[in-house]
Amino acid sequence: MTVTTHLLDIDMLPTDGRFGSGPSKIREEQLHFLTEAGSQLMGTSHRQQPVKDVVASIQDGIRALYGLPDDYEVVLGNGGATAFWDMACACFIEKKAAFGSFGSFSAKFAQSAKLAPFLDEPVVYEGEYGTYALPEPHADVDVYAWAHNETSTGVLAPVERIEGARTDALMIVDGTSAAAGTVINPREIDVYYFSPQKCFGSDGGLWVAIASPAAIERAERIESHAAQHPEEGRWVPPFLSFSKAVANSRKHQTLNTPALATLLLMNNQIQWLLKQGGLEWAQNHCAQSAQVLYDWAEASNYAQPFVHDVHARSTVVVTIDIDENIPASDILAALRANGIVDVSGYRGLGRNQLRVGVFPSVDTDDVVALTHCIDAVVEQLRA
């Protein structure tokens, strides 16, 4: 049966059908801002004061959202979180790192460290998909790294210093799909880095990092030593220099030309989040939307939450397993035909699964409507 030709009752459709896990829904108000007031900055050099003012506003906004200590800095750079993994290998890991690897993205950072010829073999603690694994303390480990929210599996891990680690060890956490949607204690991390195309409702190609004084000092020391001792084999390209990113960020700019639309969208979203009530509001809103999906799946006779441990279930990216007799691809095709998009599972998992981004911009009422639409589609598939 071809369901894609059967339109659902328009009254049951969500007001906005975008539920992507990244890139995510961008609010209409952001787009209006971009095409109106924001358009005055398009085509302007990022070295000029008007654009620097936008970067400064982003930095101040993140500082306010997270209640950052005075000695922590907000650093921006080009390339997205993927580039940041290589930067971390070049600038933060002195000799050896320990990783929590429990999904596609946390595994990729560990692989970058494994391939770096100037680093020792990393220690990798692997968790099965649908669970998380935090690294354990080692006397010779100087960096501990894991993902706060594993976007590929819908698992939310704790953000806290590894007990028993060396006092000088850095805690580096990937916050890409959790940042601006969950509350953390900044003192528990040395680097919390993320891209803006999820909770921040912007586009990719940019990374942002909350950095402690210890992290900045570590990067400066490693980069200086590498420059003075090239015979040791560590090369820090300017594009991957965290110290250069810090120096530019202190001037409210990035090393290379950034996408101005990304900065404008992100800044508008930050101001909106602050007006809504900040991170506490965002966390509660996302958790409410996520719970709608978990409750629906648990009550369903054809769906169930992929993450069984309720304490590990993400409140920003929800993964739902579908009965193998009902191809998720058919559900996805029917939903797309009705304007509901980007709820496919992560391809690397290879599961019959739906994945729903419930970031701050997504209305909870739309999430409720989504569950009704999925039920209606499945009813058609079973007919």
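Me: Which strands does helix H4 lie across, and at what angle does it run to E2?
Reply: Good place to start in this predicted model. Helix H4, residues 104-115, lies across E2, E3, E4, E7 and E8. Its direction is at about 155 degrees to E2.

Me: What order do the strands of that sheet have?
Reply: The general idea helps here: strands of a sheet pair through backbone hydrogen bonds, either parallel or antiparallel. In this case, the sheet is open and has 7 strands in the order E1-E9-E8-E7-E4-E2-E3, with mixed pairing. Strand E1 (73-78) and strand E3 (123-126) are its edges, each pairing on one side only. On average, neighbouring strands are turned by 20 degrees against each other, direction ignored.

Me: And helix H3, which strands does it touch?
Reply: Helix H3 (residues 80-91) packs on the sheet and touches E1, E7, E8 and E9. Its direction makes about 55 degrees with that of E9.

Me: How many bridges join E2 to E4?
Reply: Strand E2 (residues 97-101) and strand E4 (residues 143-147) run parallel and are joined by 3 bridges. Look for Ala 97, which stands opposite Val 143 in E4.

Me: Now the largest pocket: what lines it?
Reply: Its lining has 26 residues, and Gly 22, Phe 105, Thr 151, Lys 198 and Tyr 346 lie nearest the centre. The space inside is about 500 Å³. H3 gives the most to this lining, with 4 residues. By type, the lining divides into 5 nonpolar, 14 polar and 7 charged residues.

Me: What volume does the second largest pocket have?
Reply: About 220 Å³. Its lining includes Glu 94, Phe 118, His 225 and Arg 234, and divides into 3 nonpolar, 2 polar and 5 charged residues.

How values were computed
Residues numbered from 1 in each chain as written. Predicted model: local features only at pLDDT ≥ 70, side-chain atom pairs only at ≥ 80, totals over all residues. Heavy atoms only, no water. Pairing = 2+ DSSP bridges. Helix = DSSP H or I, 4+ residues; strand = E, 2+ residues; numbered from the N terminus. Axes fitted to C-alpha atoms, helices over the stretch in contact; angles between N-to-C directions. Contact = heavy atoms within 4.5 Å. 1 Å grid on protein atoms, 1.4 Å probe; cavity = no way out; pocket = protein on both sides within 12 Å on 5 of 7 lines; lining within 4 Å. Points joined across faces, edges and corners; volume = space filled by probe spheres on them. Nonpolar A, V, L, I, M, F, W, Y, C, P; charged D, E, K, R; others polar.
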